[in-house]
Amino acid sequence: MTGPNGHGATLAEKVLARASGLDHVVPGQIVEGAVDLAMMHEQGAQTVGPFHQMGAVKVWDPDRVVIAIDHWVPASTEGAAVLHRILRKFAAETGLPHFYDVGRHGICHQILAENGWVVPGDLAVGTDSHTNMLGAMGAVATGIGPTEMAAVLALGRLWLKVPPTIQIRVRGSFGKGVTAKDLILRVLGEVRTTGATYKAVEFSGPTIRGLSMPERFTLCNMTTEMGAKTGVVDPDEKTMDYLAKIAKHPMHPLTADADAQYERVVDIDVDGMPPMVACPYSPDNVRPLTEVVREHVKVDQVFLGSCTNARIEDLREGAALMKGRKVAPGVRFIVSPASTPIYDQCLHEGIIETFTDAGAVFTNSSCSACFGGNMGILAPDEVCASSSNRNFPGRMGAKEARIYLMSPAAVVATAIKGEIADPRELL
Amino acid sequence: MKDIIEGRVWTLGPDVDTDQIISGKYLTIIDPEELKKHVFEIALPEFAKNARTGDIIVADENFACGSSREHAPQAMRAIGVGAVVADSFARIFYRNAINLGIPTVEVRGVRALFHQGDTARIEMAAGRISNLTTPASLSFPPLPHHLLDLLEAGGLVEKVRRELEARAKPGGSA
């Protein structure tokens, strides 16, 4: 539909127009957006000081604030214990009821997704860069720092510059052993780590319509690695089905106009696309997995976890490959589900046993080895294959450690072989 | 915020992510005075010991990409960084730094203008950065009013404090 700008609007433009109470917005315009959902993890502890210094007493809407601790759960250091205590005290004092504390915990983005905290049309902010993941709901979801979060808690709004949108149009079907993770790595190889800085990334096309919500979460999650403000997908029947029983507030489904104006359009055909891998030391250093397999890259550690790829679908896929096989000698294989409900599901389905029988360690739900500050930390020169999202120097421990980012299927194949492997060899 | 900022330059390459500014192992530290001891530990190991108040960071593209951790600009503020200039910034860091009142300026081609230890002079309102050592200079579009107001107030805490105070006054807007 043609709007007052002579063309239609992208999904991100429509959501930001709604949030700021305007009929339409244009890229570059600075707007004040009303926040539908604010999420904090441990970094929220640094929100408390600024909140009080601002002279704020009340949180604008306690029913739109979620606290989900995930980096150090249960607390693994005294420092983390202090952060948790600050958050518990703040939640009690300001009357914040939606606290996912130890026992109901999970990775903050997964907690938002599986509990229906972000719905189509929302403007959502969180104190974590991978908040972008929730854009898969047809929302604008983005990461902010703790001082900014203090202002959001006090005022219920924040300023945003309307981003131009890059459209990623995807067609074709994934071959056997090829997943949404391989697609987003392929896109990263094309758009690079700076290609979407300050911008929105909108995924569209027949392949995207065919993807499940968990697969869309994986795509939007790693728009962060392109520098994007958010990654979005038009809401459809799959979105509505996913949220039907769990949506925490009214939905306002908006979709991109057919004549919306995009800053750039990237066309990708996944027919015949091989599995992909991001090599050290950048998520955009992407190569076909087959090439890297030929180099016989030995690994010390393998990690199946993180907000990118530790949902039940990922763990089922991994367990199906793992069943009846063993982790290679000398390899440490860490599996960490994205939430406590997913942990429980793995328990019921025998997935935990499949992994532990094979010689893997199946941990409690948390960010786990992904960020190099809790467990599964790498020594200098060690090599890790990981289903997570970043492989910058020092990300998972020593700055000399080398991290290869791959799909859940590829990391499991790697754990079995002891070197970077193609999951298609096991299918 | 001063309109004219001068200081000694520390240079950095492209894609210096937040892990290289404040590593994940320090994220449970919330005291900026403690954090500052580890600032740039991976990217610029000699920085924390030798930094002087007013020093200016000049980086290449995509500075401070990666996580949302405010520890990075907090540590820089605590150690006395006078301004951060880069060819381009990752968005969360840019917001975090401005919210903390650190003059943060994007100037295309700025990294190539400086060597380690040069002296930089930034004119915020005029939109000009000069290398007083070589000498050479580049122009940049001055920051939008919204952001200059934030810096003028000394950061977001002070700006919101004033707003809440104005609201609380009789006759103040709700």
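Here are three short exercises on a predicted model, each with a worked solution.

**Exercise 1.** Work out which helix of chain B gives the most to the side that touches chain A.

*Solution.* Start with the head count: 43 residues of chain A and 36 residues of chain B make up the contact. Next, look for elements of chain B that put two or more residues into that side; these are helix 1 (18-21), helix 5 (91-99) and helix 7 (156-168). Helix 7 of chain B comes out on top, with six residues. To finish, sort chain B's side by character: you get 11 charged, 12 polar and 13 nonpolar residues.

**Exercise 2.** Find how domain 1 of chain A meets domain 2 of chain A.

*Solution.* Grab the bounds first: the domain assignment splits chain A into domain 1 (11-267) and domain 2 (278-421). Their C-alpha centres sit 25 Å apart. Domain 1 of chain A brings 30 residues to the contact, and domain 2 of chain A brings 26 residues. On the domain 1 side, helix 4 (108-114), helix 6 (180-191) and helix 8 (213-221) of chain A each give two or more residues, and helix 6 gives the most, with six residues. That side breaks down into 13 polar, nine nonpolar and eight charged residues.

**Exercise 3.** Where does the largest nonpolar core lie relative to the two domains of chain A?

*Solution.* The core has 197 residues, and those touching the most other members are A:Val118, A:Leu134, A:Val277, A:Val302 and B:Val85. Both domain 1 and domain 2 of chain A give residues to this core, so it lies between them. Now zoom in on A:Val118: leaving out residues up to four places away in sequence, its contacts include A:Leu37, A:Leu112, A:Leu134 and A:Met137.

Conventions: Residues numbered from 1 in each chain as written. Chains lettered and ligands numbered in written order. Predicted model: local features only at pLDDT ≥ 70, side-chain atom pairs only at ≥ 80, totals over all residues. Contact = placed C-beta atoms within 7 Å. Helix = DSSP H or I, 4+ residues; strand = E, 2+ residues; numbered from the N terminus. Nonpolar A, V, L, I, M, F, W, Y, C, P; charged D, E, K, R; others polar. Core = buried A, V, L, I, M, F, W, Y, C linked by C-beta atoms within 7 Å. Buried ≥ 20, exposed ≤ 12 C-beta atoms within 10 Å, placed from the backbone. Domains from an automatic or database assignment.
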